[in-house]
Amino acid sequence: MKLESARRILVVTKFRYLGDTIVATPFLRSLKQAAPNAEISLLTGPAMPVLLKGCPYLASLIAFSPKGRGWLARNLKLIKDIRAGGFDAAFLVNRSLHTAVIASWAKIPIRIGYDTEHRGRLLTHPVKYDWERPDRECAFDLLRAVGIPGGSSLPELWVDHEERADAAHLLKEHGFSAGRLLVGMQPGANDPEEREWGAAKFAKVADRLVHEADEAGKRGAAVVFIGSAEERTVSEQVASYMSSKPIILTGETTLRQALATISLCRLWVSNDGGLLHAAVALSPATVGIFGPTKAKRWGYNEPNHRTVSRPAKSAHAGPAAIRRCLDAITPDEVFAAAMGALSGDSLESPGSSV
């Protein structure tokens, strides 16, 4: 297939989890560069149109939730609508049998996707998924299957001037003044046992950044906590351990407000989660704290983006082993990674980083 002649292309990402769609933006960028005249539509979850506001690579977004009441009727309607859309090709960036069935039943003639979940026969171009590589880089294999080279795998998001101005005003209301180094943190996670590093350790890193990471003698860093309402208690716990006073916006922002606030940060430190990928996609230097089973596929290894993790003895580590690895990561390691990310120094491959 020559994408130069394609009129309409459908891309499918996961219907849940912001991070999975954020890390697909490099794929969208390379696809649009290869097929500049095609209308690219993204089939994705209900929250993603808000997340991807301003994306220049998409002509439209189709928001869909596959589960819930009336799922069969809704899936059949989706198939009918996609078939009526006249798509020439579909790239299935997720790995589910469900989306391969949708693309096949919608009679899209070219279907490129990972050969996972026994869906290979439903694809015209089945591609092996490499579990040992970062997910965002695996997506380029789908493009290579039709002769398109990959590119930079760093993600993108888009925040406009008005959104940034509103975020700056919100921070000012909480006592932040321009000229200070702003550090964003997300100490909570949606599965605490396997992702949360620990409130006391986040507090130590936050305090040290406040006191030691000021730029050229300015008034010191300020720390802002961001996350979902369910993570509010963790943020308050971290604050209770700190000697300095953070700004707590956890549970108080919309998704767009959170993204705009992150875009004003110079540094982001967090557990493995969607907002880490958002921070990489926006402006801050980042440090991601990972359990051993996720670091290789979802972490970053760049001068301004660091992953801190401890390896497990087994590649199939269970919850207890993952917890031990997280607990073994020290505040000194995370602080050192933060300072390295801020400076953009070359990586030295320490034993705790990936």
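Here are a few questions and answers on a helix and a pocket of this predicted model.

Reader: Happy to dig in! Which conventions apply?
Author: Residues are numbered from 1 along each chain as its sequence is written, and side-chain values use heavy atoms, without hydrogens and water. In this predicted model, local features need pLDDT of at least 70, side-chain atom pairs count only at pLDDT 80 or more, and totals for chains, interfaces and linings use all residues.

Reader: Which residues of α4 are buried?
Author: Helices here are DSSP runs of H or I with at least four residues, strands are E runs of at least two, and both are numbered from the N terminus. Buried means under 20% relative accessible area, exposed over 50%, partly exposed in between (1.4 Å probe, protein chains only). By that cut-off, the buried residues of α4 are Asn75, Leu78, Ile79 and Ile82.

Reader: Why do the buried residues lie on the same side of α4?
Author: Good one! Take the directions from the helix axis to the C-beta atoms, which define the arc. The buried residues Asn75, Leu78, Ile79 and Ile82 are on the same side of α4 because they cover an arc of only 100° around the axis.

Reader: Which exposed residues does the face of α4 turned away from its buried side carry?
Author: Helix α4 covers residues 71-84. Its face turned away from the buried side carries the exposed residues Ala73, Lys77, Lys80 and Ala84.

Reader: What phi does Gly86 take just after α4?
Author: Helix α4 has 14 residues. Just after α4, Gly86 takes a positive phi, with a value of about 65°.

Conventions
The expected span of a helix is 1.5 Å times one less than its number of residues.
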